[in-house]
Amino acid sequence: MDRTKIILLSALLLPTFAQAQTNEGNTTNQSFSKAKKIMQKQIYTNTVDMKTIYCGADFNADKYITLPAGFTTDVYKKRVKRWEAEHVVPAENFGRAFSEWRDGAKVCVDSKGKAFKGRKCAEKANKEYRLMQSDLYNLYPAIGAVNAARQNYNYVMLPKTASKNYRSFGSCNMIIDKKDRDAQPPERARGEIARTYMYFESAYPKYKMSRQQRQLMTVWDKQYPVSKWECERAEKIQKIQGNVNPILANRCRNI
């Protein structure tokens, strides 16, 4: 069986999916700041497609958001005016695989001689981390308040019974479980989320989903099929970033 068939098979079969680490991720851009500018100037350029991933909020070429009718938030109110680049697979969730994030590094010392670690150190000291952090396939526009509230929480299906621990956003059906640190995204985003997780695990050996997370993403991938815009977005990213997303290449064939 040739390499392409192995990649495609890994995206469809749950038992072998985690082991097929054959796709190449981002190798061209190490700058998260540059990636955000590329999103603004080269990816989200058609007004029809200029919508945030979770809430479907419209935004313009200057990143200013028009909030959907009925959207509300009781947190991070200063972060609702412009979209932010959301890591669907959170930077912390793959960043902790790097020793620089966990323990620091010799080069991670500030001007006062104080050592630091975490995201700042991983970004400074490790090229692989910078490439993962800047991968355009994993970056989506989101209302800043929603991005901030989601933090690095895993996606789940929450119980339908309302809880005092749930944080919601009015008409935007994004629900955050503050106690258990989980997030349930709206249906409109679940397919894209699933295929992004599947791509990220296939592209980067440093990142692995839990079995429970992988099962959920497999279900969402089948339940919420790929859209025309998702495929067009992948084509744009491939031209800019240089690597093929095999998860979407397989699913976009008939779109």
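Author: A salt bridge is a side-chain nitrogen of Lys or Arg within 4 Å of a carboxyl oxygen of Asp or Glu. By this rule the count comes to 9 salt bridges. The model is predicted: local features need pLDDT of at least 70, side-chain atom pairs count only at pLDDT 80 or more, and totals for chains, interfaces and linings use all residues. Residues are numbered from 1 along each chain as its sequence is written, and side-chain values use heavy atoms, with hydrogens and water left out.

Reader: What makes E84 and R79 a salt bridge?

Author: The closest N and O atoms of E84 and R79 are 2.7 Å apart. That is within the limit of the rule, so the pair is a salt bridge.

Reader: Why is R79 called partly exposed?

Author: Buried means under 20% relative accessible area, exposed means over 50%, and partly exposed is in between (1.4 Å probe, protein chains only). R79 has 34% relative accessibility, so it counts as partly exposed.

Reader: How do you know that R150 and E86 meet in a salt bridge?

Author: The N to O distance is 3.4 Å. The rule is met, so R150 and E86 are a salt bridge. This pair links distant parts of the chain: R150 is in helix α8 and E86 in strand β3, 64 residues apart. Helices (H or I, at least four residues) and strands (E, at least two) are DSSP runs, numbered from the N terminus. Both R150 and E86 are buried.

Reader: What else is in helix α8?

Author: Helix α8 covers residues 144-150 and includes A149.

Reader: Why is A149 called buried?

Author: A149 has 1% relative accessibility, so it counts as buried. Contact means heavy atoms within 4.5 Å. Not counting residues up to four places away in sequence, A149 touches V75, Y76, R167, F169 and I176. The C-alpha atoms of A149 and T73 are separated by 9.8 Å, while the two residues are 76 residues apart along the chain.

Reader: What makes E201 and R214 a salt bridge?

Author: Their closest N and O atoms are 2.9 Å apart, which satisfies the rule and therefore makes a salt bridge. E201 is in helix α9 and R214 in helix α10 (residues 211-223), with their positions 13 residues apart in the chain. E201 counts as buried because its relative accessibility is 1%. R214 counts as buried because its relative accessibility is 10%. Elsewhere, salt bridges that share partners join R195, D221, E230 and R251 into one network.

Reader: Why is R233 not given a salt bridge?

Author: Lys and Arg count as positive and Asp and Glu as negative; His and the chain ends are not counted. The nearest side chain of opposite charge to R233 is E192, 5.3 Å away. That is outside the limit, so R233 has no salt bridge. R233 is buried all the same, and is found in helix α11 (residues 228-241).

Reader: What makes R233 and Y44 a polar contact?

Author: A polar contact is a pair of N or O atoms within 3.5 Å; within protein, one must be able to donate a hydrogen and the other to accept it, and residues adjacent in sequence count only if both atoms are side-chain atoms. The side chains of R233 and Y44 are joined at 3.0 Å, so the distance fits. Leaving aside neighbours within four places in sequence, R233 is also in contact with I43, L136, Y137, L139 and Y140, among others.

Reader: Which residues line the largest cavity?

Author: A cavity is a set of points on a 1 Å grid over the protein atoms alone where a 1.4 Å probe fits but cannot get out; lining residues have an atom within 4 Å of a point. The largest cavity is lined by Y137, Y140, E192, R195, T196, Y199, E230, R233, N245 and L248. Helix α9 (187-203) gives the largest share of this lining, 4 residues.

Reader: How do you know that S31 caps α3?

Author: A side-chain oxygen of S31 lies 3.4 Å from the backbone nitrogen of S33, at the N-terminal end of α3. Helix α3 covers residues 32-43, and its buried residues are F32, A35, I38, M39, Q40 and I43. These pack against β3 (83-87), α6 (119-125), α7 (127-133), β4 (139-143) and α11.

Reader: Why is C108 called buried?

Author: C108 has a relative accessible area of 0%, so it is buried. C108 is found in the loop between α5 (99-103) and α6. Not counting residues up to four places away in sequence, C108 touches K114, A115, F116, C121, K124 and A125.

Technical notes:
1 Å grid on protein atoms, 1.4 Å probe; cavity = no way out; pocket = protein on both sides within 12 Å on 5 of 7 lines; lining within 4 Å.
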